Amino acid sequence: RAERLAVGDVVAAGRGGSLVLHRVVALGRDVHLRGDATRRGDPPFPAGDVVAVARRIVTPRGWVLRLDTPAARVLGRAIA
């Protein structure tokens, strides 16, 4: 699954019974994640701990924010 990941993707990854939904900021032997609202990244995750890639977010008001468009990917890389 890691071969399909790209910097800027938003992924769900599990660790210690918890699940985080954070942005990929670097790829290598491990996957490096960081939340958009934080300055410090998470400890590296093994690629096998990534369980899903987010393609869209639906807000409480029902607005759909797509994360898989070219513009969203550029913005994601800029945030990362």
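This report walks through a predicted model of a protein, from its overall build to its sheet and its helix.

## Overall build

Let's start with the whole chain. The protein contains 7 strands and 1 helix. Reading from the N terminus, the order of elements is β-β-β-β-β-β-β-α. The radius of gyration is 12 Å, close to the 12 Å that the globule rule gives for 80 residues, so the protein is as compact as a globular protein of that length. If you picture the C-alpha trace along its principal axes, it spans about 35 × 25 × 25 Å.

Contacts between residues 24 or more positions apart make up 38% of the contacts in the protein with a separation of 6 or more.

## Surface and charge

How much of the protein counts as buried? The share is 25% of the 80 residues. The accessible surface comes to about 5,500 Å², and carbon and sulfur atoms hold 54% of that surface.

As for charge, there are 14 positive side chains and 7 negative ones. The centres of these two sets lie 5 Å apart.

## The five-stranded sheet

Now to the strands. Five strands form an open sheet in the order S4-S3-S2-S1-S5, with antiparallel pairing. Its edge strands are S4 (45–46) and S5, each of which pairs on one side only.

It helps to go through the sheet pair by pair, beginning at the S4 end. S3 and S4 run antiparallel and are joined by 2 bridges, with Val31 standing opposite Phe45 in S4. On the other side of S3 (residues 30–34), 4 bridges connect this strand to S2, again antiparallel. Here Arg23 stands opposite Arg34 in S3. S2 and S3 form a hairpin, and 2 residues sit between them.

## Strand S1 and its two neighbours

S1 (residues 10–15) pairs antiparallel with S2 (residues 18–27) through 6 bridges. These strands also make a hairpin with 2 residues between them, where Gly16 takes a positive phi near 55°. S1 pairs with S5 (residues 50–53) as well, in the antiparallel sense and over 3 bridges.

Which residues are the bridge partners of Val11 in S2 and S5? In S2 the partner is His22, and in S5 the partner is Val53. Val11 is therefore a handy place to look if you want to see S1 joined to both neighbours, because it has a bridge partner in S2 and another in S5. Ala13 also has a bridge partner in S5, namely Val50.## The helix and Gly76

Finally, have a look at helix H1 (residues 70–79), which includes Gly76. Is Gly76 buried or exposed? Gly76 has a relative accessible area of 2%, and buried means under 20%, so this glycine counts as buried.

What does Gly76 touch, leaving aside residues up to four places away in sequence? The residues are Gly8 and Arg23. Arg23 has already come up in the sheet, as the residue opposite Arg34 in S3. Gly17 makes a useful second landmark: the C-alpha atoms of Gly76 and Gly17 are separated by 27 Å, and the two residues are 59 residues apart along the chain.

Conventions
Residues numbered from 1 in each chain as written. Predicted model: local features only at pLDDT ≥ 70, side-chain atom pairs only at ≥ 80, totals over all residues. Heavy atoms only, no water. Rg over C-alpha atoms; globule rule 2.2 N^0.38 Å. Buried < 20%, exposed > 50% of the residue type's maximum accessible area, 1.4 Å probe, protein only. Contact = heavy atoms within 4.5 Å. Areas by Shrake-Rupley, 256 points an atom, 1.4 Å probe, with all protein chains shown as cover. Lys, Arg positive; Asp, Glu negative; His and termini not counted. Charge placed at Lys NZ, Arg CZ, Asp CG, Glu CD.
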